[in-house]
Amino acid sequence: MSSIQGIRHMVIFNLKYPVGSAEAEQFLSDGKAALTSIPVVRNFEVLRQVSPKNDYDYGFTMDFASQADYDAYNAHPLHVQFVRERWETEVERFLEIDFQPK
């Protein structure tokens with residue numbers, strides 16, 4: 001077992017808006033602003049799908065140094081607010097993936 005305790009958190013998703021629309025771009029920008037303001041978030045990236053093998057349009061990825069940091073992120077008021085006010089109302093579907101380096 002690895003001594004690395006970090007977690008790579010990824011979510012791929014489709015929005016209720018057309019790809020590349022002003023509304024979609026605003027969601028991505030607002031998501032980055034809100035989630036990167038949480039102190040335990042590292043290496044946050046906004047991703048756009050380019051593979052025809054996958055029908056999700058966008059992704060967010062970020063790293064956490066430990067399970068405790070990941071748990072703190074999930075409970076953080078800014079994350080909870082973003083999920084409640086934006087994610088639940090503007091995301092059509094998603095897949096969440098969490099990996100720990102081996």
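**View 1. Contacts across the whole chain.** In this predicted model, residues 24 or more positions apart account for 72% of the contacts in the protein with a separation of 6 or more. Reading along the sequence, you meet the pattern β-α-β-β-α-α-β, made up of 3 helices and 4 strands. How does the radius of gyration fit a compact globule? With 102 residues, such a globule would have a value near 13 Å, and the protein has 14 Å, which agrees. Along the principal axes, the C-alpha atoms fill a box of roughly 40 × 35 × 20 Å.

**View 2. Inside and outside.** Of the 102 residues, 32% count as buried. The accessible surface comes to about 6,300 Å², and carbon and sulfur atoms supply 54% of that surface.

**View 3. The largest nonpolar core.** Which residues touch the most other members of this core? Look for Phe13, Phe27 and Phe60, which do so among its 21 residues. Two or more residues of the core come from each of β1, α1, β3, α2 and α3. Now pick out Phe27 and leave aside its neighbours within four places in sequence: Phe27 is in contact with Phe13, Leu15, Phe60, Phe82, Arg86, Trp87, Glu90 and Val91.

**View 4. Helix α3 and its kink.** Helix α3 covers residues 77-90. At 1.5 Å a residue, its 14 residues should span 20 Å, and its end C-alpha atoms are 19 Å apart, which agrees. Follow the helix to Val83 and you will find the centre of a kink of about 40°.

**View 5. The buried residues of α3.** Which residues of α3 are buried? They are His79, Phe82, Trp87 and Glu90. An α-helix has 3.6 residues a turn, so residues three or four places apart point the same way. The cover over the buried residues of α3 includes the strands β1 (7-15), β3 (58-64) and β4 (91-99), together with the helices α1 (22-36) and α2 (67-75).

**View 6. Thr61 and its neighbours.** Here we visit strand β3, where Thr61 is found. Is Thr61 buried or exposed? Thr61 has a relative accessible area of 6%; buried means under 20%, so Thr61 is buried. Not counting residues up to four places away in sequence, Thr61 touches Arg8, His9, Met10, Asn43, Phe44, Glu45 and Leu47. For a sense of scale, try Glu88, which lies 27 residues from Thr61 along the chain: the C-alpha atoms of Thr61 and Glu88 are separated by 18 Å.

How values were computed: Residues are numbered from 1 along each chain as its sequence is written. This is a predicted model: local features need pLDDT of at least 70, side-chain atom pairs count only at pLDDT 80 or more; totals for chains, interfaces and linings use all residues. Side-chain values use heavy atoms; hydrogens and water are left out. The expected span of a helix is 1.5 Å times one less than its number of residues. The bend at a residue is the angle between axes fitted to the seven residues ending there and the seven starting there. Buried means under 20% relative accessible area, exposed over 50%, partly exposed in between (1.4 Å probe, protein chains only). Contact means heavy atoms within 4.5 Å. A nonpolar core is a set of buried Ala, Val, Leu, Ile, Met, Phe, Trp, Tyr and Cys residues joined through side-chain atoms within 4.5 Å. The radius of gyration is taken over C-alpha atoms; the globule rule is 2.2 Å times the number of residues to the power 0.38. Accessible areas come from the Shrake-Rupley method with a 1.4 Å probe; for residues, only the protein chains shown count as cover.
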